[in-house]
Amino acid sequence: MQDNLLSGKNLHRHHVNKELRILVLEDVPADVTLISHELRTGGLPFSTKRVETRDEFIRELEQNPPDLILSDHGLPAFDGFSALEIARDRCPDTPFIFVTGTMGEELAIDSLRSGATDYVLKTRMANLVPAVQRALHLAEERTKRKLAEKDLRDSEERFRLLVSGVKDYAIFMLDPEGRISSWNAGAELVLGHRAHEVMGEPFRCFYRVQEREQGKPQKDLKIAEEKGRFEDEGWRLRKGNDPFWAHVDIRALRDDDGRLRGFTQVTRDVTERRRHQEALRKSEARKAAVLETALDAIVSIDQNGKIIEWNPAAERIFGYSRELALGRDMAELLIPKSSEEMHRKGMARYLQTGRGRVLGHRTEMMALRANGAEFPVEISITKIPGDGPTIFTCFIRDITDRRRTEEALRKSEERFRLLVEGVEDYAIFMLDTHGRITTWNVGAERIEGYRTQEIIGRRFHRFYSQEDVERKKPDQALAVATAEGRYHDERRLVRKDGSQFWASFVITALRDENGKLTGFSTIARDITQRKHAEDEIRRLNSELEKQVQERTAELQAAYQEMEAFSYSISHDLRAPLIHIAGFVEMLRAELEPKLDEKSRRHLQTICDSSEQMGRMIADLLAFSRIGRADLHKVRVSLGDTVRDVQRELQGLIRDRKVTWAIAPLPEVFGDPFLLRQAFFNLMANAVKFTRGQAEARIEIGAEATERENILFIRDNGVGFDMKYAAKLFGVFQRLHSASEFEGTGIGLAIVRCVIQRHGGRTWAEGAAGTGATFYLSLPVFPEEKK
């Protein structure tokens with residue numbers, strides 16, 4: 001924009017032979033003085049004439065036409081908008097600028113729509129000279145454009161000669177159908193085509209494909225034809241379909257009878273200008289976003305202390321809306337009475353010397369809210385650089401919460417200090433970055449033996465033995481704490497009297513908010529008694545380990561004796577039984593015809609007894625192996641195990657009526673072979689002891705608790721007397737004679753051994769003649785819970 005405006009110096013040179021005549025419509029002479037001062041400061045040669053009434057205004061327009069009109073918006077005797085209407089009618093080319101005290105956004109827009117060239121607020125008189133420069137420049141441009149249009153209408157040939165040498169503008173003619181009929185050098189530079197490449201071609205080739213399909217070229221010509229002119233900014237295409245941002249001006253040409261002869265088109269590449277405007281827009285948007293989203297109050301004031309900027313954070317912090325704050329004196333609005341005089345003196349000092357104590361520095365002071373409450377703030381004032389009137393921007397932060405936090409922290413630190421100083425069981429002290437002691441509590445005095453005045457400023461190395469100091473143990477401790485943030489150790493330390501004690505201590509590195517090391521905190525505890533206790537525990541553990549080794553040797557000997565006993569049963573007892581059975585069979589074969597019935601019964605008794613003895617030995621060996629065998633635990637489905645045993649027992653009950661009631665059973669971790677043997681023994685017993693029932697019923701179920709799975713096998717057989725329940729799971733313990741129910745008396749003992757090896761329990765309930773229920777439990781292991 002500045003490149004297109006005449007500076008004050010250029011304006012002075014432009015009007016060197018003609019003084020600028022300015023007509024001022026204003027009822028306040030002092031404001032005219034301010035206007036003159038600003039124009040004179042801007043270097044403009046001018047003379048002013050002030051009028052207040054309609055008649056005076058019209059008379060000056062007729063008798064002394066001005067070069068520029070400056071008008072207040074509202075006068076007691078005359079309205080500024082009425083003056084604008086008269087000026088547009090009598091001297092339409094004369095720039096008309098409103099210079100007024102207040103003008104809202106809507107009113108400003110209305111003034112520009114009504115034909116005003118610009119408007120300037122009296123509170124921002126620094127904008128007057130630039131506004132006048134723009135207005136005069138635009139007036140001069142309009143004059144030039146009108147002369148050019150007149151010349152164009154007078155002579156197309158003169159126009160062709162004029163535009164043929166213009167290189168910054170693409171200027172070409174179109175026939176009434178929109179085909180190109182002339183082409184200047186600027187068109188060749190801007191659009192890239194040579195004249196012979198485009199002559200006679202439709203000008204729509206400069207539009208993008210989508211716009212051609214939408215009929216935009218034809219619509220643009222239609223507007224130019226109907227209204228005489230079409231002006232637009234948008235994307236156009238150079239040769240090679242290279243897009244650029246163009247300012248396009250299309251005007252209709254007519255003959256003396258008003259018939260359309262064609263069109264002129266002026267196209268200018270404004271891509272760079274658009275880029276600058278977009279950058280400016282984004283910059284302004286970022287500025288607005290900063291003002292809108294800033295957490296701190298941002299307040300701008302002029303050199304008189306009047307507020308000219310007030311962001312949302314300022315509204316929230318101080319309680320004044322933007323409308324109420326703008327234009328108010330900052331000292332009266334925000335500064336408490338007690339600080340108001342100091343503020344005014346500071347402003348006066350700056351205006352006199354150009355220096356201020358608070359400029360560029362953060363300062364804490366008291367401020368005033370709209371409700372009259374005073375509160376602490378942190379304020380920083382910056383002078384905004386520029387050639388116009390001095391503007392200051394104040395960044396104000398409400399530090400009420402910070403003051404509360406600082407006070408709470410101070411009280412907390414005081415409580416912590418009192419707490420630390422009163423601790424007697426722990427030595428708590430601080431070190432600087434070189435390991436020198438800076439604080440010392442009662443516990444440190446009791447444990448280490450030094451009084452505060454004796455130890456402050458001394459290095460904590462004196463607590464180490466001479467050997468540890470020579471090995472640089474203290475320095476290593478500080479180095480580890482610095483690198484890792486914390487160092488923990490247990491070692492012998494030295495008291496003031498030279499005695500040594502065991503201490504457990506932690507050294508922690510302390511850093512500020514920027515991560516810089518500021519020192520160390522140390523907490524130490526006397527653990528001498530604990531060390532003595534640990535020595536005693538080690539001694540006792542050594543003795544216990546010796547006892548365990550001795551017990552293990554005894555168990556190993558017992559295990560070997562058990563192995564020998566099992567071998568003896570397996571070989572030494574079975575061999576005679578085999579002989580007895582063999583010789584009985586020999587006698588039976590040789591003497592059977594000669595023996596009477598009594599002798600035959602005796603032989604059968606011998607045979608049955610040897611077989612029973614063999615079964616007892618086999619069961620006894622199985623019981624022995626169960627107690628010694630390794631467990632191979634896997635996940636076992638007890639439902640599958642019970643169904644497998646049930647199938648195996650079908651051969652024993654094919655001539656009986658037996659009802660099985662089997663509920664869903666859980667999965668457990670265990671040895672599948674041993675668990676199957678336990679369930680086989682229990683289910684076989686249930687089948688055996690219900691043999692006398694017309695209809696046997698065997699029920700198997702389970703109940704889960706948090707710690708174990710409880711399973712039961714219930715039958716309606718002969719039962720037992722509960723006073724003998726303790727004998728049920730013993731070896732060779734039988735409650736019924738062999739003539740009633742066969743068996744060796746080891747089956748339930750095997751069940752108990754299997755379940756105990758799995759960490760479970762076994763028990764039974766029953767009554768004579770009404771059946772029995774056998775229970776077993778298996779623990780729930782963590783794997784099972786998952």
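Two strands count as paired here if DSSP finds at least two bridges between them. With that in mind, strand β12 (residues 362-368) and strand β13 (residues 374-384) qualify, joined in the antiparallel sense by seven bridges. Keep in mind throughout that this is a predicted model.

## The whole protein

Let us start with the overall picture. The protein has 786 residues, and 37% of them count as buried. Its secondary structure comprises 27 helices and 25 strands. Among contacts between residues at least 6 apart in sequence, 53% link residues at least 24 apart.

## An antiparallel sheet and its hairpin

The strands β12 and β13 belong to an open sheet of five strands, ordered β11-β10-β14-β13-β12, with antiparallel pairing. At its edges are β11 (307-310) and β12, each of which pairs on one side only. From one strand to the next, the twist averages 30 degrees. Strands of a sheet pair through backbone hydrogen bonds, in either a parallel or an antiparallel manner.

Met366 has Pro376 of β13 opposite it. Five residues separate β12 from β13 in their hairpin, where Gly372 has a positive phi near 90 degrees. Elsewhere in this sheet, strand β10 (residues 297-302) and strand β14 (residues 391-398) run antiparallel and are connected by six bridges. Ala297 is found opposite Ile396 in β14.

Another hairpin is made by β7 and β8, with five residues between the strands and a positive phi of about 85 degrees at Gly240 in the turn. Glu231 faces Asp249 in β8 across this pairing.

Here are antiparallel strand pairs from around the protein, with their bridges:

| Strand | Partner | Bridges |
|---|---|---|
| β7 (residues 229-237) | β8 (residues 243-254) | nine |
| β12 (residues 362-368) | β13 (residues 374-384) | seven |
| β10 (residues 297-302) | β14 (residues 391-398) | six |
| β24 | β25 (residues 771-779) | seven |
| β19 (residues 634-637) | β21 | four |

Following on from β8, where does Thr271 sit? Thr271 lies in helix α12 (residues 271-293). Leaving out residues up to four places away in sequence, Thr271 touches Phe244 and Trp245. Thr271 and Ala246 are 25 residues apart along the chain, while their C-alpha atoms are 6.8 Å apart in space.

## A mixed sheet with helices packed on it

Further along the chain, five strands make an open sheet in the order β20-β22-β23-β25-β24, and here the pairing is mixed. The edge strands, each pairing on one side only, are β20 (658-662) and β24 (761-767). The twist in this sheet averages 15 degrees from one strand to the next. Helix α24 (residues 638-648) packs on the sheet and touches β20, β22 (696-704), β23 (708-715) and β25, with its direction at about 170 degrees to that of β20. Helix α25 also lies across β20, β22, β23 and β25, and runs at about 25 degrees to β23. Within the sheet, Ala764 has Phe774 in β25 as its bridge partner.

Helix α25 (residues 672-689) has a helix partner too: α26 (residues 747-757) packs with it at an angle of about 145 degrees, the axes being 9 Å apart. Their crossing is left-handed. Among the residues that meet are Leu674, Leu675 and Ala678 in α25, and Ile750, Val751 and Val754 in α26. By type, the residues of this contact are nine nonpolar, four polar and no charged.

Strand β21 (residues 667-670) has alternating side chains: Val668 and Gly670 point to one face and are buried, whereas Glu667 and Phe669 point to the other and are not. Val668 has Val636 opposite it.

## The nonpolar cores

In soluble globular proteins, nonpolar side chains tend to be buried together. Which residues have the most contacts inside the largest nonpolar core? They are Leu638, Trp660 and Met683, in a core of 39 residues. At least two residues each come from α24, β20, α25, β22, β23, α26 and β25. The largest share, nine residues, is supplied by α25.

Setting aside neighbours within four places in sequence, Met683 is in contact with Val642, Val645, Gln646, Leu649, Trp660, Ile700 and Ile713. A second, separate core has 24 residues, including Trp440, Leu478, Ala481 and Leu493.

Notes
Residues are numbered from 1 along each chain as its sequence is written. This is a predicted model: local features need pLDDT of at least 70, side-chain atom pairs count only at pLDDT 80 or more; totals for chains, interfaces and linings use all residues. Side-chain values use heavy atoms; hydrogens and water are left out. Axes are lines fitted to C-alpha atoms, for helices over the stretch in contact, and angles run from 0 to 180 degrees between N-to-C directions. A crossing is left-handed if the near helix is turned anticlockwise from the far one by less than a right angle, and right-handed if clockwise. Contact means heavy atoms within 4.5 Å. Ala, Val, Leu, Ile, Met, Phe, Trp, Tyr, Cys and Pro count as nonpolar, Asp, Glu, Lys and Arg as charged, and the others, Gly among them, as polar. Buried means under 20% relative accessible area, exposed over 50%, partly exposed in between (1.4 Å probe, protein chains only). A nonpolar core is a set of buried Ala, Val, Leu, Ile, Met, Phe, Trp, Tyr and Cys residues joined through side-chain atoms within 4.5 Å.
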